[in-house]
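The following exercises are to be worked through with the sequence and the model at hand. Each task is followed by its solution in steps.

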Amino acid sequence: MNLQTNLTPDLLPSEADIVSYEENGYFIAPQVIPHELLDAVAGIIERHQAGHRDRELKAAARFSDWQDGDAAVVRNNEFVSLQNDVVRELVRFPAIGAIAARLARSRAVRLFDDQLVVKPPAAGEDASKTVVGWHTDGSYWSTCTSNAMLTAWIPLHDVSEENGTLCVVAGSHRWDESDHVRGFNDTDFNSLESRIGRKVGGDLIHPVNMKKGQMSFHHMRALHGSMPNVSLAPRCAVALHMQDDANSYQEFRTPDGTLVVLPHDRLAREDAAGHPDYRDPDVFPELWPGDR
């Protein structure tokens, strides 16, 4: 599509915005993503979920790749930008990496993973199937050394509480209770306090309502989830997970001694020590500054 971004200062977070992100754990960007690009991603969803690929992943790995099943549930496909050219173009859109680097106060940011998440419309008993449960992204990244990774959440259209937008618990990235919260598939949206063992005031749960072309960023330790989609149309978004420049692989074992191996680790080349290389440009390309 050859889309360009004029990265003027008003499109990038100010120092006050960065401080707010560091205090609250999330940031909402202005409308910077072209509608043309978002529409192109929306146009490939059905084909991708039907099995079409522009390229195959170079190694077999177990990860979420929804193709067929209960039509009422949240549909999640991962590593889509490594398999689909249109999503690859969105992931590499310059403004995304530029904003992420500023928020993380990092010289550069690299891809870690991306997810294409489709939340179908639902009502009645099926509504709970479209909940994304409370979790932190970092809880799934125990093999990463960094504590500054972050996620850009990019809806393909307007999002609100009606269609199940993202909700972030402000300041939760600074809580000890945010460690190891892996409730993505827990459809009980009211289970937050019992899950983390901490009182959470309703004023801390912030729905991220945005217009098409906006995106939000949240810290890897920020608690987040989303309510049911009770609108009449699917809610579609790309979650783009990014590494700050300092991140690298670390060996991590469960309490019983089992080595944790992420799908990322099976996709990446090995470094000189025989460990997964989280700088492998084929799997974790630099998004900012990249080749600019």
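**Exercise 1.** Determine which residue follows α4 and what the sign of its phi is, and establish how much of the helix is covered.

*Solution.* Step 1. α4 is followed by R105, which has a positive phi, near 50 degrees; helices (H or I, at least four residues) and strands (E, at least two) are DSSP runs, numbered from the N terminus. Residue numbers start from 1 along each chain as its sequence is written. The model is predicted, so that local features need pLDDT of at least 70 and side-chain atom pairs count only at pLDDT 80 or more, while totals for chains, interfaces and linings use all residues, and side-chain values use heavy atoms, with hydrogens and water left out.

Step 2. Ten of the eleven residues of α4 are buried, which leaves the helix mostly covered. Buried means under 20% relative accessible area, exposed over 50%, and partly exposed in between (1.4 Å probe, protein chains only).

Step 3. Among the buried residues of α4 are P94, I96, G97, I99 and L103.

**Exercise 2.** Describe the largest nonpolar core and identify the element that gives the largest share of it.

*Solution.* Step 1. A nonpolar core is a set of buried Ala, Val, Leu, Ile, Met, Phe, Trp, Tyr and Cys residues joined through side-chain atoms within 4.5 Å. The largest one has 59 residues, and those with the most contacts inside it are L90, I96, I154, M215, F217, L240 and M242.

Step 2. Elements giving two or more residues to this core include α1 (15-24), α2 (35-49), β3 (109-119) and β10 (235-244).

Step 3. α4 supplies the largest share, eight residues.

Step 4. A second, separate core has twelve residues, including W134, V181, L192 and I196.

**Exercise 3.** Locate S178, decide whether it is buried or exposed, and find its contacts.

*Solution.* Step 1. S178 lies in the loop between β6 (166-169) and α5 (192-196).

Step 2. S178 counts as buried because its relative accessibility is 2%.

Step 3. With neighbours within four places in sequence set aside, S178 is in contact (heavy atoms within 4.5 Å) with T136, S139, S172, H173, R221 and L223.

**Exercise 4.** Characterise the fold as a whole: what is its secondary structure, and why does it count as compact?

*Solution.* Step 1. The protein has six helices and eleven strands.

Step 2. Its radius of gyration, taken over C-alpha atoms, is 18 Å, close to the 19 Å from the globule rule (2.2 Å times the number of residues to the power 0.38) for 292 residues, so the protein is as compact as a globular protein of that length.

Step 3. Of the 292 residues, 55% count as buried.
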